[in-house]
Protein chains: 2
Amino acid sequence: MASTGGSTRTDGVYQLLRADIFGGRLEPGQRLKFPELCVRYSTSVGAAREALVKLAAEGFVVTRPHQGYVVRPLSHEDLADLTQARVEIESMVLRLAVQDGDMQWEAGAVAAHHVLERTSFRKREDPDHPSDEWSAAHAAFHTALLSGCSNRRLLATARALRHEAELYLQWSVSFGNEPARDLAGEHRAILEAVVERDADRAAELIRDHIVHTAQLLISCASDEPNRVAVPVADTGVADGTRL
Amino acid sequence: MASTGGSTRTDGVYQLLRADIFGGRLEPGQRLKFPELCVRYSTSVGAAREALVKLAAEGFVVTRPHQGYVVRPLSHEDLADLTQARVEIESMVLRLAVQDGDMQWEAGAVAAHHVLERTSFRKREDPDHPSDEWSAAHAAFHTALLSGCSNRRLLATARALRHEAELYLQWSVSFGNEPARDLAGEHRAILEAVVERDADRAAELIRDHIVHTAQLLISCASDEPNRVAVPVADTGVADGTRL
DNA sequence: GGTCAATAAAGATTCGAAAGTTTGCCACTC
DNA sequence: GAGTGGCAAACTTTCGAATCTTTATTGACC
């Protein structure tokens with residue numbers, strides 16, 4: 001029984017699968033075979049299939065007809081594209097949020113930042129990766145920032161891109177080994193600009209924030225040569241140089 | 001047997017369903033019941049289901065658990081959001097295309113424009129709507145313009161938004177009854193700017209082009225009060241004021 | 001040894017009937 | 001007459017065996 005999840009079985013499997021991908025329990029490039037999936041999530045082929053179709057449409061897995069599904073492979077090239085897209089779109093959405101957002105939104109951002117500031121960055125048992133709690137708090141903060149934007153299309157687009165970027169964060173080794181970086185300071189500065197309703201500054205700060213993070217990932221990526229290049233069609237999005 | 005389509009049955013149904021939605025044979029707001037779908041596309045529940053899951057993820061149909069699938073309802077509010085998103089993102093992508101695109105791309109744009117210019121706008125039997133050929137040529141022209149952008153993420157985003165906008169075009173009554181508008185001229189101007197590699201002007205022209213089209217749709221939309229408001233969750237994207 | 005074809009195994013896709021959920025209807029009570 | 005509860009029909013969701021495609025293996029032939 002897919003214990004977690006929504007009100008249909010398919011939804012439950014979708015949630016679990018997604019969580020396993022984002023939690024790093026399924027590696028990029030890994031093949032997802034139906035017999036295994038059925039055992040792992042105690043479900044039927046049909047449900048697993050629907051979950052995968054949805055994940056494929058969202059870009060988290062890729063597929064070719066009659067060749068099954070694969071966790072989306074990561075690549076330098078894709079990270080570069082993704083980063084540029086986020087720089088442009090997230091800064092635009094944040095700008096709109098600062099313009100449109102009401103006090104409720106502002107309060108939400110302050111609250112999310114409060115939590116983030118007090119959540120410890122490093123995993124206790126594995127100090128190379130950020131802790132799950134920190135990742136969640138970080139995502140929540142950024143989501144809260146963007147959510148002031150009243151254009152649902154742009155908001156949805158920005159969120160989708162951000163989600164995909166979280167995959168790269170999850171799989172980066174030694175994220176945060178860069179001692180020079182003041183992550184907390186960057187977050188605080190963004191929040192300040194937001195509260196002061198300075199749209200231009202907020203947009204500028206988040207651009208830098210995104211670019212910095214991406215550069216960090218790229219710079220330390222060569223440590224781990226286990227990501228495989230899997231050329232794939234369908235979404236037409238991945239094409240694998242190595243991470 | 002799903003005669004048209006890809007190499008799997010699901011894909012075939014997906015293509016047909018999508019074509020029926022974009023071809024106006026399925027109305028926005030219309031419920032899609034499995035028994036009917038199975039007859040219409042001579043297929044099984046499973047295949048229809050997967051096709052709908054994919055369409056739902058792309059935003060062309062909406063769903064709530066245990067309440068089936070519905071062709072995405074159109075609304076003024078959504079059109080406004082969509083237009084703003086397209087103005088910002090398509091202009092950005094076109095700018096990048098002008099910067100990055102090679103001569104092959106340029107040639108493709110010229111070719112697509114050549115076809116568009118020579119395709120008649122009005123349907124013979126129903127002069128209120130643009131002809132299918134013109135719609136196809138129009139979409140092809142815009143696709144060709146954007147395709148010079150080397151960032152696959154941004155390109156995919158822009159295309160997805162453009163696709164959704166085509167639904168609104170399909171369902172607008174009297175599109176093109178506005179006599180004042182020189183659609184062909186706008187297209188020609190855009191192409192000129194592209195060929196001259198004037199990124200700023202191209203971006204500006206396409207912004208105007210998108211806004212003009214949207215205004216036209218809004219201004220003549222009240223003619224047809226058959227679009228129903230169906231509040232829906234899942235994609236969180238539609239919420240229906242009327243078109 | 002290397003190439004190719006036939007065969008076997010593994011896995012993806014498809015189907016339609018069984019189970020579960022929602023919705024509309026009707027009788028009954030207040 | 002309005003509101004409530006239960007029943008039946010319609011529809012959605014789920015399942016797993018049957019079918020079909022791809023991939024790996026084996027053996028014959030050049």
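**Stop 1: His66 of chain B**

With 7 C-beta neighbours inside 10 Å, His66(B) counts as exposed, because a residue with 12 or fewer such neighbours falls in that class. Keep in mind that this is a predicted model. Select His66(B) and look at the chain around it. His66(B) sits in the loop between S2 and S3 of chain B. Now check its backbone. Phi of His66(B) is positive, about 65°, although the residue is not a glycine. Most residues other than glycine have a negative phi. His66(B) also has a place by the DNA: it is one of the residues that come nearest to DNA strand C.

**Stop 2: Ser42 of chain B**

Stay in chain B and select Ser42(B). This residue is in the loop between H2 and H3 of chain B. What is its phi near? The value is near 35°, again positive in a residue other than glycine. Is Ser42(B) buried or exposed? Ser42(B) is exposed, with 12 other C-beta atoms within 10 Å.

**Stop 3: the small sheet of chain B**

Select the strands of chain B next. Three strands form an open sheet in the order S1-S3-S2, and the pairing is antiparallel. Which strands stand at the edges? They are S1 (31-32) and S2 (61-63) of chain B. Each has a single partner strand, so one side of each is left without a neighbour in the sheet. Zoom in on S2(B) and S3 (residues 69-71) of chain B. Three bridges join these antiparallel strands. Pick Thr63(B) to see a partner: its bridge partner in S3(B) is Tyr69(B).

**Stop 4: helix H7 of chain B**

Select residues 152-171 of chain B, which make up helix H7. The helix has 20 residues, and at 1.5 Å a residue it should span 28 Å. The distance between its end C-alpha atoms is 29 Å, which agrees.

Color the buried residues of H7(B). Start with Arg153(B), Leu154(B), Leu155(B), Thr157(B) and Ala158(B). Then add Leu161(B), Glu164(B), Ala165(B), Leu167(B) and Tyr168(B). In an α-helix, residues three or four places apart point the same way, because there are 3.6 residues a turn.

What covers the buried residues of H7(B)? From chain A, the cover includes helix H4 (76-100) and helix H7 (152-171). From chain B itself, it includes helix H1 (9-22), helix H4 (76-100), helix H6 (132-146) and helix H9 (199-219).

**Stop 5: where the two chains meet**

Show both protein chains. Here 25 residues of chain A are in contact with 25 residues of chain B. On the chain A side, H3, H4 and H7 each supply at least two residues. H3(A) gives the largest share, seven residues. By class, this side of chain A has nine nonpolar, seven polar and nine charged residues.

Now compare the two copies. A turn of 180° with a shift of 0.0 Å along the axis lays chain A on chain B, with an RMSD of 0.1 Å. The two copies are thus related as by a two-fold rotation axis. The same surface serves both: 100% of the contact residues of chain A recur in chain B.

**Stop 6: the DNA**

Select DNA strand D. Of the 19 residues around this strand, Thr8(A), Arg9(A), Gly46(A), His66(A) and Gly68(B) come nearest. Helix H1 (9-22) and helix H3 (45-58) of chain A each give two or more residues to this surface, as do helix H2 (34-40) and helix H3 (45-58) of chain B. The surface near strand D has six nonpolar, ten polar and three charged residues.

Move to DNA strand C. There are 19 residues around it, and Gly68(A), Thr8(B), Arg9(B), Gly46(B) and His66(B) come nearest. The elements giving two or more residues here are helix H2 (34-40) and H3 of chain A, with H1 and H3 of chain B. The surface near strand C has six nonpolar, ten polar and three charged residues.

**Stop 7: chain A from end to end**

Finish with chain A. What does its secondary structure come to? It comes to nine helices and three strands. From the N terminus on, the order is α-β-α-α-β-β-α-α-α-α-α-α. Of its 243 residues, 41% count as buried.

For a last selection, pick Glu58(A) in helix H3 of chain A. Glu58(A) is partly exposed, with 17 other C-beta atoms within 10 Å. Add His163(A), which is 105 residues away along the chain. The C-alpha atoms of Glu58(A) and His163(A) are separated by 10.0 Å.

Methods. Residues numbered from 1 in each chain as written. Chains lettered and ligands numbered in written order. Predicted model: local features only at pLDDT ≥ 70, side-chain atom pairs only at ≥ 80, totals over all residues. Helix = DSSP H or I, 4+ residues; strand = E, 2+ residues; numbered from the N terminus. Expected span 1.5 Å × (residues − 1). Buried ≥ 20, exposed ≤ 12 C-beta atoms within 10 Å, placed from the backbone. Contact = placed C-beta atoms within 7 Å. Near = placed C-beta within 6 Å. Nonpolar A, V, L, I, M, F, W, Y, C, P; charged D, E, K, R; others polar. Least-squares fit on C-alpha atoms with pLDDT ≥ 70 in both. Pairing = 2+ DSSP bridges.
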